[in-house]
Amino acid sequence: MQGINDLTIEQLKSALEQIPQAKGFRSKQIIEWIYKGVASFDEMTNVSRDLRERLAEEFTFHYGEIEQRFPSKIDGTIKYLLRLADGHCVEAVLMRYKHGNTICLSTQVGCLMGCKFCASTIGGKIRDLTAGEMISQIYAVQKDIGERISNIVLMGIGEPLDNYDNVLAFLHNVNEPMGLNIGYRHISLSTCGLINEIDRLADEELPITLSVSLHAPTNEIRDKIMPVNKKYPVEQLIAACKRYIKKTGRRISFEYILIDGVNDTPQAAQSLGDLLKGMLCHVNLIPANEVEETGMKRTPPHVVKVFQKKLEDKGLTVTVRRELGSDIKASCGQLRKNRMEQNA
Ligand code: SAH
């Protein structure tokens, strides 16, 4: 059945126009309830019972419920395992920064991309999330903490650009004044590098931040750790990033996880510096989270420093990601994977 919270607000307005009792201010009331985060028609207390029943004949709600929460004792980070209506689970992470509460959301159940270092991809992709299932992760966490979330990063389980239309509907509803009213500048989308969709996204001209999971400066290294590179090699990906920057005028954030002995040599730093030199970009170095199955180890701190310095010498802006919630470990994908193993 059609999820009422999966439609864009524009689509929803037209759908409600077709229902005689739901026109005009009724339609506004219904939309307000949805974007207050209700998960059933019964909660729409100022809408008549008849109309609620009529809506329930045509629509359902797609949402996730908190199954487990893991609060960090070190910082305010909380990791959540959320259960969807069909029993599948995804993860969301709340991070507290000075500039506000940030949520890291999932966009798919599992992932098709097959990156060798990543826990989310181990069982493949099961399905895409709907727009409603994405937005409900925000409501579930806001309700849990009793505070507003002001920033969103699409860096949880899944490849957002492999679920393009639902992600776009989600972004529109998050941004809509009648929706969550969160500015596009407070939203980041991370991709492993699907270049046709990067071009499509550039044409949407949304002032979000695009993060690109580069993780290697050459095809030789990237082919070994990211299967997507066989389809879209580094030079094509960088060309797409340059088109994106030209079209949108926005800085790209390149994510680079440092894996011991794989992509962290001085030569790799040199090649990365040459590859990105002069681009409107930012490099985010992330010491890899160790996922047991992958056998990969994180780069030690002194090697991270050398790597960073080499890039800075090329004039690049580089940060090393501060690790939050290190005591609750479970980098994205691991909670869900543990749960799948328990159920098996
Ligand atoms: N599919 C998208 C978004 C989800 S992954 C993408 O690839 O960007 C979010 C980020 O976490 C990506 O940069 C991904 O490469 C990174 N990541 C995956 N496994 C990791 C690990 N074990 N340690 C550190 N970062 C990891």
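Me: How many of the seven residues of S4 are buried?
Reply: In this predicted model, strand S4 covers residues 78–84. The strand is largely enclosed by the rest of the structure, because the count of its buried residues is six of the seven.

Me: Which strand does S4 join through six bridges, and in which sense do the two run?
Reply: A hairpin with four residues between its strands links S4 and S5, and Gly87 in that turn has a positive phi of about 90°. One bridge of this pair sets Arg83 against Cys89 in S5. Six bridges join S4 to S5, residues 89–97, and the sense is antiparallel.

Me: Over how many bridges do S3 and S4 pair?
Reply: S3 is joined to S4 by a hairpin of six residues. Within this pair, Gln68 has Leu81 of S4 as its bridge partner. The pairing is antiparallel, and the number of bridges is seven.

Me: Which are the edge strands of the open sheet?
Reply: The sheet contains 10 strands with mixed pairing, in the order S3-S4-S5-S6-S9-S10-S11-S12-S13-S14. From one strand to the next, the twist averages 20°. An edge strand pairs on one side only, and the two that do so are S3 (64–71) and S14 (318–320).

Me: In which sense do S9 and S10 pair?
Reply: In the strand order of the sheet, S9 is followed by S10. Leu154 has Leu189 of S10 as its bridge partner. The two strands are held by three bridges, and the sense of pairing is parallel.

Me: Which residues of S10 point one way, and which the other way?
Reply: In a regular strand, side chains alternate between the two faces of the sheet. Five of the five residues of S10 are buried, so this strand is largely enclosed by the rest of the structure. Both sets are therefore buried: one way point Ile187, Leu189 and Thr191, and the other way Ser188 and Ser190.

Me: What span should the 12 residues of helix H5 have, and how far apart are its end C-alpha atoms?
Reply: Helix H5 comprises residues 164–175. The expected span follows from 1.5 Å a residue, taken over one less than the number of residues. The expected value is 16 Å, and the end C-alpha atoms agree with it at 16 Å.

Me: Against which elements do the buried residues of H5 pack?
Reply: The buried residues of H5 are Tyr164, Val167, Leu168, Ala169, Phe170, Leu171, Asn173 and Val174. Their packing partners include both helices and strands. These partners are H1 (9–17), H4 (131–145), S9 (151–154), S10 (187–191) and H6 (195–204).

Me: Are H6 and H9 roughly parallel or roughly antiparallel to each other?
Reply: Two packed helices are described by the angle between their axes and the distance between the axes. For H6 and H9 (residues 234–248), the angle is about 0° and the axes are 9 Å apart. Angles under 35 degrees count as roughly parallel. H6 and H9 are therefore roughly parallel.

Me: How many nonpolar, polar and charged residues does the contact of H6 with H9 have?
Reply: H6 contributes Ile195, Ile198, Asp199, Leu201, Ala202 and Asp203. H9 contributes Gln236, Leu237, Ala240, Arg243, Tyr244, Lys247 and Thr248. By class, the contact has seven nonpolar, two polar and four charged residues.

Me: Is Asn181 buried or partly exposed?
Reply: Asn181 lies in the loop between H5 and S10. Its phi is near 60°, a positive value in a residue other than glycine. With a relative accessible area of 46%, Asn181 is partly exposed.

Me: Does Glu205 count as buried or exposed?
Reply: Glu205 is placed in the loop between H6 and S11 (209–213). Although Glu205 is not a glycine, it has a positive phi of about 50°. The cut-off for exposed is over 50%. At 51% relative accessibility, Glu205 counts as exposed.

Me: How far apart in space are Val228 and Cys192, C-alpha to C-alpha?
Reply: Val228 belongs to helix H8, residues 228–231, and is buried with a relative accessible area of 8%. Leaving aside neighbours within four places in sequence, Val228 is in contact with Met113, Cys192, Gly193, Leu194 and Arg222. Val228 and Cys192 are 36 residues apart in sequence, while their separation in space is 7.4 Å.

Terms used
Residues are numbered from 1 along each chain as its sequence is written. This is a predicted model: local features need pLDDT of at least 70, side-chain atom pairs count only at pLDDT 80 or more; totals for chains, interfaces and linings use all residues. Side-chain values use heavy atoms; hydrogens and water are left out. Buried means under 20% relative accessible area, exposed over 50%, partly exposed in between (1.4 Å probe, protein chains only). Contact means heavy atoms within 4.5 Å. Axes are lines fitted to C-alpha atoms, for helices over the stretch in contact, and angles run from 0 to 180 degrees between N-to-C directions. Angles under 35 degrees count as roughly parallel, over 145 as roughly antiparallel, 65 to 115 as roughly perpendicular and the rest as oblique. Ala, Val, Leu, Ile, Met, Phe, Trp, Tyr, Cys and Pro count as nonpolar, Asp, Glu, Lys and Arg as charged, and the others, Gly among them, as polar. Two strands pair if DSSP finds at least two bridges between them.
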